[in-house]
Amino acid sequence: MAVILFFGRFSDLSSRLEVKLPATVTDKASLTAYLSEKIEGFGELAALPDTRISVNMLVSMAEVSIGNEDEIAYMSALSGG
Amino acid sequence: MIRITETAFDPASELSAFHELSSAAGAIVSFTGLVRDDGGTESLTLTHYAGFTETQIEGFVKQAEMNWALDGCRIVHRVGEMMTGEAIVFVATASAHRRAAFEACDFLMDKLKSEAPFWKQETTAGRTKWIEPRLEDKADLKRWDNARN
């Protein structure tokens, strides 16, 4: 099961999810598209320029593969400390 | 030392403890950030990504150590709900000389304000809203563009 975490404004839309990803979800882009269909307002928030996505606590601009053993976090713009 | 805590902390005690550990340093600089009352603020609630947030802050400390000759550094950050007047962040740096301690402390605060994975909600008159990043904080961070990464 993949674990999906939501921080900042994303936490208004959903709490932590543990899901078996469909075979069509293989990377950040397809996961975002999948969640956009499931969660109202998710796609708009994910498209904002300050949104960050981490996979197993690593943030990368490059596309990375995603599987059911991964922890993915969606983070809205950081407020800072 | 980096500590993220849901419990209120005493900046004076943190400074005293850091001073004891840095007895050989020639200069210690500290900064304490407090929850400000922006006209009726009742509380501030911070969330973080446990594990990830600490790792990011460790990276900031490594950057500071690459740029200034530090003898030590302490960062304490509150998360959870806090009231106006309470300490939200404490940063202390120790060095042989004051300039390095001042600049490293300033650098670390700018990194924490703009790049640390925290999300803030402010409650005023019973209404809660997300706090967006401020342009001033991003401008402050740009002062360090020439620092080594």
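In this predicted model, B:Leu70 makes a good starting point, for it touches B:Ala64, B:Glu65, B:Thr93, B:Ala94, B:Ser95, B:Ala100 and B:Ala104, leaving out residues up to four places away in sequence. Its bridge partner in strand E6 of chain B is B:Ser95. B:Leu70 also belongs to the largest nonpolar core, a set of 46 residues, and ranks there among those with the most contacts inside the core, together with A:Phe7, A:Tyr74, B:Ala64, B:Val91, B:Ala104 and B:Leu108. The largest share of this core, eight residues, is supplied by helix H3 of chain B.

From here the view can widen to the sheet around B:Leu70. Strand E4 of chain B covers residues 70-78 and pairs with E6(B) in the antiparallel sense, over seven bridges. Further along this pairing, B:His77 has B:Val89 of E6(B) as its bridge partner. E4(B) also pairs with E1(B); these two strands run parallel and are joined by four bridges. Here B:Thr5 stands opposite B:Arg78 of E4(B). In general, the strands of a sheet pair through backbone hydrogen bonds, in either a parallel or an antiparallel way. Seven of the nine residues of E4(B) are buried, so this strand is largely enclosed by the rest of the structure.

Taken as a whole, the sheet is open and consists of four strands of chain B in the order E1-E4-E6-E2, with mixed pairing. Its edges are strand E1 (2-5) and strand E2 (27-34) of chain B, each of which pairs on one side only. On average, neighbouring strands are turned by 5 degrees against each other, direction ignored. Helix H2 of chain B packs on this sheet, where it touches E1 and E4 of chain B, and its direction makes about 150 degrees with that of E1(B).

H2(B) deserves a look of its own. Its 16 residues should span 22 Å at 1.5 Å a residue, and this agrees with its end C-alpha atoms, which are 23 Å apart. The buried residues of the helix are B:Phe52, B:Thr53, B:Gln56, B:Ile57, B:Phe60, B:Val61 and B:Ala64. These buried residues pack against E1, strand E3 (41-48), E4, H3 and E7 of chain B, and also against strand E3 (52-55) of chain A.

That last partner leads to the meeting of the two chains. Here 22 residues of chain B are in contact with 13 residues of chain A. On the chain B side, helix H2 (52-67), strand E6 (87-95), helix H3 (98-115) and strand E7 (118-124) each supply at least two residues. The largest share, four residues, comes from H3(B). Sorted by character, the residues on this side of chain B divide into twelve nonpolar, five polar and five charged.

Across in chain A, A:Ser76 lies in the segment after strand E5 (71-75). Is A:Ser76 buried or exposed? A residue is buried if 20 or more other C-beta atoms lie within 10 Å of its own. A:Ser76 has 22 C-beta neighbours inside 10 Å and therefore counts as buried. Apart from neighbours within four places in sequence, A:Ser76 is in contact with A:Phe7, A:Gly8, A:Arg9, A:Phe10, A:Leu45 and A:Thr51, and with B:Trp119 from the other chain. A:Arg52 is 24 residues apart from A:Ser76 along the chain, yet their C-alpha atoms are separated by 6.5 Å.

Definitions and conventions. Residues numbered from 1 in each chain as written. Chains lettered and ligands numbered in written order. Predicted model: local features only at pLDDT ≥ 70, side-chain atom pairs only at ≥ 80, totals over all residues. Contact = placed C-beta atoms within 7 Å. Nonpolar A, V, L, I, M, F, W, Y, C, P; charged D, E, K, R; others polar. Pairing = 2+ DSSP bridges. Axes fitted to C-alpha atoms, helices over the stretch in contact; angles between N-to-C directions. Core = buried A, V, L, I, M, F, W, Y, C linked by C-beta atoms within 7 Å. Buried ≥ 20, exposed ≤ 12 C-beta atoms within 10 Å, placed from the backbone. Expected span 1.5 Å × (residues − 1).
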